[in-house]
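The following exercises concern the structure shown below. Each task is followed by a solution in steps.

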Amino acid sequence: LKRRPKPTAPRGTWPTGGSCAMGCGNSKPPEAASPEQGGHPSQPPSHQQPVVPAPQASPATVRSDKVIVPRSFRLLDELEKGQKCERASHLSWGLAYDDDITLTTWNGTIFGPIDTAFDNRIYSLVIVTGPSYPDVLPEVRFTAGINMTCVEPDGQVKPAWGVLGNWKREYTIETVLDALRREMCSPNNRHLQQPDTAPPAGNG
């Protein structure tokens with residue numbers, strides 16, 4: 001007996017209720033899970049750069065930003081003020097030598113305050129502003145004899161006195177001369193017996 005051939009499906013059709021070995025058939029491909037269902041969006045993840053905070057200025061940096069006037073500029077300014085000062089101010093100062101390009105040696109003058117032992121006298125001083133001035137205090141010396149509690153017998157003003165002992169960069173030659181004149185008016189000095197070495201003001 002001859003066996004009957006098994007019926008086959010027509011070309012172009014596929015058996016229902018199954019799938020081929022190639023993975024195709026009537027079943028739909030699985031859909032991508034939405035973000036609401038716990039899946040991930042289809043967009044590629046963005047790569048964000050980390051935010052770096054701006055550096056904060058330290059106190060040392062702030063202090064370094066302060067403008068510091070060079071020594072020569074500072075002394076030229078003091079020289080100009082000394083040239084413009086009026087005699088009524090009872091003080092004067094200027095370079096001891098016109099050709100002193102280092103601006104180191106200065107002459108100062110104090111007119112003795114009235115109603116004191118220094119009245120009617122002119123006192124001359126030598127002020128030396130070293131290479132570290134105004135960061136370092138100047139040397140101050142009277143050229144004529146004077147009796148004051150802040151002055152050594154040789155005329156040198158004591159470095160520990162007043163503005164010199166508490167020296168600040170903002171102080172000037174005028175500051176020193178003005179402080180010395182005020183010291184002449186202090187109770188400790190105003191009535192001290194003075195030597196006759198200082199020239200009288202009338203002979204200036």
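Helices here are DSSP runs of H or I with at least four residues, and strands are runs of E with at least two, numbered from the N terminus. The model is a predicted one.

**Exercise 1. State how many helices and strands the protein chain has, and give their order.**

Solution. Step 1: by this definition, the protein chain holds 4 helices and 4 strands. Step 2: reading from the N terminus, the order of elements is α-α-β-β-β-β-α-α. Step 3: for the chain as a whole, 29% of the 204 residues count as buried. Step 4: take the contacts between residues at least 6 apart in sequence; 51% of these join residues at least 24 apart.

**Exercise 2. Check whether the length of helix α4 agrees with its number of residues, then describe its surroundings.**

Solution. Step 1: helix α4 covers residues 173–184, which is 12 residues. Step 2: the expected span is 1.5 Å times one less than the number of residues, and for α4 this gives 16 Å. Step 3: the end C-alpha atoms of α4 lie 17 Å apart, so the two values agree. Step 4: at the N-terminal end, threonine 172 acts as a cap, with a side-chain oxygen 3.4 Å from the backbone nitrogen of glutamate 174. Step 5: the buried residues of α4 include Ile173, Val176, Leu177 and Met184. Step 6: among the elements that cover the buried residues of α4 are α2 (71–84), β1 (91–95), β2 and β3.

**Exercise 3. Classify threonine 116 and aspartate 115 as buried or exposed.**

Solution. Step 1: threonine 116 lies in the loop between β2 (105–111) and β3 (122–128), and aspartate 115 is also placed in the loop between β2 and β3. Step 2: a residue is buried under 20% relative accessible area and exposed over 50%. Step 3: threonine 116 has a relative accessible area of 12%, so it is buried. Step 4: aspartate 115 has 57%, and therefore it is exposed. Step 5: beyond its neighbours within four places in sequence, threonine 116 contacts Met184, Cys185 and Arg190. Step 6: aspartate 115 has a positive phi, near 60°, although it is a residue other than glycine.

**Exercise 4. Determine how leucine 103 and proline 134 stand out in their backbone geometry.**

Solution. Step 1: leucine 103 is found in the loop between β1 and β2. Step 2: its phi is positive, about 55°, although leucine 103 is not a glycine. Step 3: its relative accessibility is 8%, so leucine 103 counts as buried. Step 4: proline 134 sits in the loop between β3 and β4. Step 5: the peptide bond from tyrosine 133 to proline 134 is cis, with omega near 5°.

**Exercise 5. Describe the position and contacts of aspartate 154.**

Solution. Step 1: aspartate 154 belongs to the loop between β4 and α3. Step 2: with 55% relative accessibility, aspartate 154 is classed as exposed. Step 3: not counting residues up to four places away in sequence, aspartate 154 touches Arg141 and Phe142. Step 4: the side chain of aspartate 154 reaches the backbone nitrogen of glutamine 156 at 3.1 Å. Step 5: aspartate 154 and threonine 143 are 11 residues apart in sequence, while their C-alpha atoms are 8.7 Å apart in space.

Conventions
Residues are numbered from 1 along each chain as its sequence is written. This is a predicted model: local features need pLDDT of at least 70, side-chain atom pairs count only at pLDDT 80 or more; totals for chains, interfaces and linings use all residues. Side-chain values use heavy atoms; hydrogens and water are left out. Buried means under 20% relative accessible area, exposed over 50%, partly exposed in between (1.4 Å probe, protein chains only). Contact means heavy atoms within 4.5 Å. A polar contact is a pair of N or O atoms within 3.5 Å; within protein, one must be able to donate a hydrogen and the other to accept it, and residues adjacent in sequence count only if both atoms are side-chain atoms.
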